[in-house]
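The following exchange asks how descriptive terms are justified by computed values. Each reply sets a value against its criterion and then concludes.

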Amino acid sequence: MGFGYLFLGYLFLFSFPYKGLDITIDIIGFIIAYLGLRTLSEYGCGFNNLKKYVLLLLPVSTLTLTLQLINYFGVKVVFLSIWNYIYTAFLLVYNVMLLVSVYKIATSTEMTSIQAKAQRNLVICLLYYFAILFFETPFPGIQTLENYLIEKFAFGLIIYLLGYIWMILNASLLFSCYMWICKEGDEDMPEKQNKKNKAKED
């Protein structure tokens, strides 16, 4: 169920904002993801490092939710916009580590289709977060360019939709991992399969 938990946890990372408050709570998603990573970390491929990083994200996402709640109930948090940039960077690292780990385990299990999808999603991930961090940076030249793009190309809507499309692709990728790499009981995972073979030989 390692990838199953990762998939369920990832669904909570979808952003549905309401008056500055994200109604899908990230910390719940990270708690669920951690449950899955406790299993997946046994197989290497970067999942152990990802598990440690998720432990860091638990207080970070808790602080983010607290600041959003304070702001939602009418107490203006002056540095909330700055913190949102920082939190976005934390999420970027999480997604990159996740996709790299999926790529590695797909390589080790020779699942070329999943491997290719992980590569594709990683490229989209970097492009998406670069656009978010770049165009939301409060510098006059960048803001002028952003306003021009919004006026001419509905740029904000494009970025918004790209974010949702990319996250749907990620969720689909994790579900594919659950279906094809991590079968029930994790018996198809590389190390456990090797242990089975050794037991048969003995």
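The questions below concern a predicted model and proceed from the overall fold to helix packing and then to single residues.

Q: What is the secondary structure of the protein, and which pattern does it follow along the sequence?
A: The predicted model contains eight helices and two strands. Read along the sequence, the pattern is α-β-β-α-α-α-α-α-α-α.

Q: How many residues does the protein have, and what percentage of them is buried?
A: The protein has 202 residues, of which 39% are buried. A residue is counted as buried when its relative accessible area is under 20%.

Q: Among contacts between residues at least 6 apart in sequence, what percentage joins residues at least 24 apart?
A: The value is 70%, for contacts in the protein between residues at least 6 apart in sequence. Contact here requires heavy atoms within 4.5 Å.

Q: Why are α3 and α4 called roughly antiparallel?
A: Helix α3 (residues 47–72) and helix α4 (residues 80–108) pack at an angle of about 155 degrees. Angles over 145 degrees count as roughly antiparallel, and the pair α3 and α4 is therefore given that description. Their axes are 10 Å apart.

Q: What is the handedness of the crossing of α3 and α4, and how do the residues in the contact divide by class?
A: The crossing of α3 and α4 is left-handed. The residues of this contact comprise 19 nonpolar, five polar and no charged.

Q: Why is α2 called roughly parallel or antiparallel to α4?
A: The axes of helix α2 (residues 26–40) and α4 cross at roughly 25 degrees and come within 14 Å. Angles under 35 degrees count as roughly parallel, which makes α2 roughly parallel to α4.

Q: Which residues make the contact of α2 with α4, and what classes do they belong to?
A: On α2 the contact is made by D26, F30 and A33, and on α4 by Y87, L91 and Y94. By class, the contact of α2 with α4 has five nonpolar, no polar and one charged residues. The crossing of α2 and α4 is left-handed.

Q: How do you know what span is expected of α4, and what span does it reach?
A: Helix α4 has 29 residues. The expected span is 1.5 Å times one less than the number of residues, which for α4 gives 42 Å. From its first C-alpha to its last, α4 reaches 42 Å, close to that expectation.

Q: What makes the phi of E110 notable, and where is E110 found?
A: The phi of E110 is near 60 degrees, a positive value in a residue other than glycine. E110 follows just after α4, in the loop between α4 and α5 (112–135).

Q: Why is E110 called buried or exposed?
A: The relative accessible area of E110 is 67%. The cut-off for exposed is over 50%, and E110 is therefore exposed.

Q: What makes V54 of helix α3 count as buried or exposed?
A: V54 lies in helix α3 and has a relative accessible area of 0%. Buried means under 20%, so V54 is buried. Not counting residues up to four places away in sequence, V54 touches F30, Y34, L37 and Y94. The C-alpha atoms of V54 and Y34 are 20 residues apart along the chain and separated by 6.5 Å.

Q: How do you know whether T88 is buried or exposed?
A: T88, found in helix α4, has 17% relative accessibility and therefore counts as buried, the limit being under 20%. T88 touches Y129, I132 and L133, residues up to four places away in sequence not being counted.

Q: Why is I27 called buried or exposed?
A: I27 belongs to helix α2. Its relative accessible area is 18%, and the definition of buried requires under 20%, so I27 is buried. Leaving aside neighbours within four places in sequence, I27 is in contact with L58, S61 and T62. C-alpha to C-alpha, I27 and L13 are 8.7 Å apart in space and 14 residues apart in sequence.

Q: What makes G4 buried or exposed?
A: G4 lies in helix α1 (residues 2–11). At 6% relative accessibility, G4 is set against the cut-off of under 20% and therefore counts as buried. G4 and A33 are 29 residues apart in sequence, and their C-alpha atoms are 8.9 Å apart in space.

Notes: Residues numbered from 1 in each chain as written. Predicted model: local features only at pLDDT ≥ 70, side-chain atom pairs only at ≥ 80, totals over all residues. Heavy atoms only, no water. Axes fitted to C-alpha atoms, helices over the stretch in contact; angles between N-to-C directions. Helix = DSSP H or I, 4+ residues; strand = E, 2+ residues; numbered from the N terminus. Parallel < 35°, antiparallel > 145°, perpendicular 65-115°, else oblique. Left-handed = near helix turned anticlockwise from the far one by under 90°. Nonpolar A, V, L, I, M, F, W, Y, C, P; charged D, E, K, R; others polar. Buried < 20%, exposed > 50% of the residue type's maximum accessible area, 1.4 Å probe, protein only.
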